[in-house]
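I opened my notebook and went through this model step by step. Here is what I looked up, in the order I looked it up.

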Amino acid sequence: MIIAFITKKCMMFNESSLFSYKLAGVFYMNTKVKTSDISITIVIKALNEEENIEKCIKSSIIALKGFNGKIILVDSKSDDKTIDIAKKYPIKIIQLKYKKD
């Protein structure tokens, strides 16, 4: 399984670019493998990202096309419309107890 952590600014993906990006400073992956053999979880950490969350989620959905994967939004108690926007998409949403989390 590959876990891609998206933090601060959303990485913008297209269908063929997922494995050529540096994901949250953790690793580079630039290899050709069968997409059906890969399980990917994209974790998006957010706090008051209503201006960016929709394009980040859409980009992540595009990146997962053809893969066995899911998207998880981990929200740090946003007090804007981040969660309302995210609820429009087929993703899992987790809200942390405190903004500092």
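**Entry 1: the core.** Before looking for a core I wrote down what I would count: a nonpolar core is a set of buried Ala, Val, Leu, Ile, Met, Phe, Trp, Tyr and Cys residues joined through side-chain atoms within 4.5 Å. I also reminded myself that this is a predicted model. The largest nonpolar core turned out to have 18 residues. Those with the most contacts inside it are Ile42, Ile44, Ile53, Ile57, Leu73 and Ile91. I then checked which elements give two or more residues to this core, and found strand E2 (39–46), helix H1 (53–64), strand E3 (68–75) and helix H2 (82–86). H1 supplies the largest share, 5 residues. This fits a general habit: in soluble globular proteins, nonpolar side chains tend to be buried together.

**Entry 2: the overall plan.** I counted 2 helices and 4 strands in the protein. Along the sequence they follow the pattern β-β-α-β-α-β. Of the 101 residues, 37% are buried. I also looked at contacts with a separation of 6 or more, and 59% of them join residues 24 or more positions apart.

**Entry 3: two paired strands.** Is E2 enclosed or open? I found 6 of its 8 residues buried, so E2 is largely enclosed by the rest of the structure. E2 and E3 run parallel and are joined by 8 bridges. I followed one residue across: isoleucine 44 has leucine 73 in E3 as its bridge partner. Both names were already in my list of residues with the most contacts inside the core. From E2 the chain passes through H1 to reach E3, and this β-α-β crossover is right-handed.

**Entry 4: two unusual backbone angles.** Most residues other than glycine have a negative phi. I therefore noted asparagine 48, which is not a glycine but has a positive phi of about 55°. Asparagine 48 sits in the loop between E2 and H1. Its relative accessibility is 30%, and it counts as partly exposed because that value falls between the 20% and 50% cut-offs. Lysine 77 is another case, with a positive phi of about 65°. I found lysine 77 in the loop between E3 and H2, and it is partly exposed at 38% relative accessible area.

**Entry 5: a serine in a loop.** Which loop holds serine 76? It is the loop between E3 and H2. At 1% relative accessibility, serine 76 is buried, because buried means under 20%. Its side chain makes a polar contact with the side chain of lysine 45, at 2.6 Å.

**Entry 6: isoleucine 94.** I located isoleucine 94 in strand E4 (residues 92–95). With a relative accessible area of 33%, isoleucine 94 is partly exposed. Leaving aside neighbours within four places in sequence, isoleucine 94 touches Ile72, Leu73, Val74 and Asp75. I also took the C-alpha to C-alpha distance from isoleucine 94 to isoleucine 83: they are 11 residues apart in sequence and 9.6 Å apart in space.

**Entry 7: how confident is the predictor?** The protein averages a pLDDT of 76, and 63% of the residues score at least 70. Among the elements, H2 has the highest mean pLDDT (97), while strand E1 (residues 2–6) has the lowest (54). Over residues 11–28 the pLDDT is below 50. Beyond near neighbours in sequence, this stretch has 43 contacts in the model.

Terms used:
Residues numbered from 1 in each chain as written. Predicted model: local features only at pLDDT ≥ 70, side-chain atom pairs only at ≥ 80, totals over all residues. Heavy atoms only, no water. Buried < 20%, exposed > 50% of the residue type's maximum accessible area, 1.4 Å probe, protein only. Pairing = 2+ DSSP bridges. Right-handed = clockwise from strand over helix to strand, strands pointing away. pLDDT = per-residue confidence, 0-100. Contact = heavy atoms within 4.5 Å. Polar contact = N/O pair within 3.5 Å; in protein donor to acceptor, adjacent residues only side chain to side chain.
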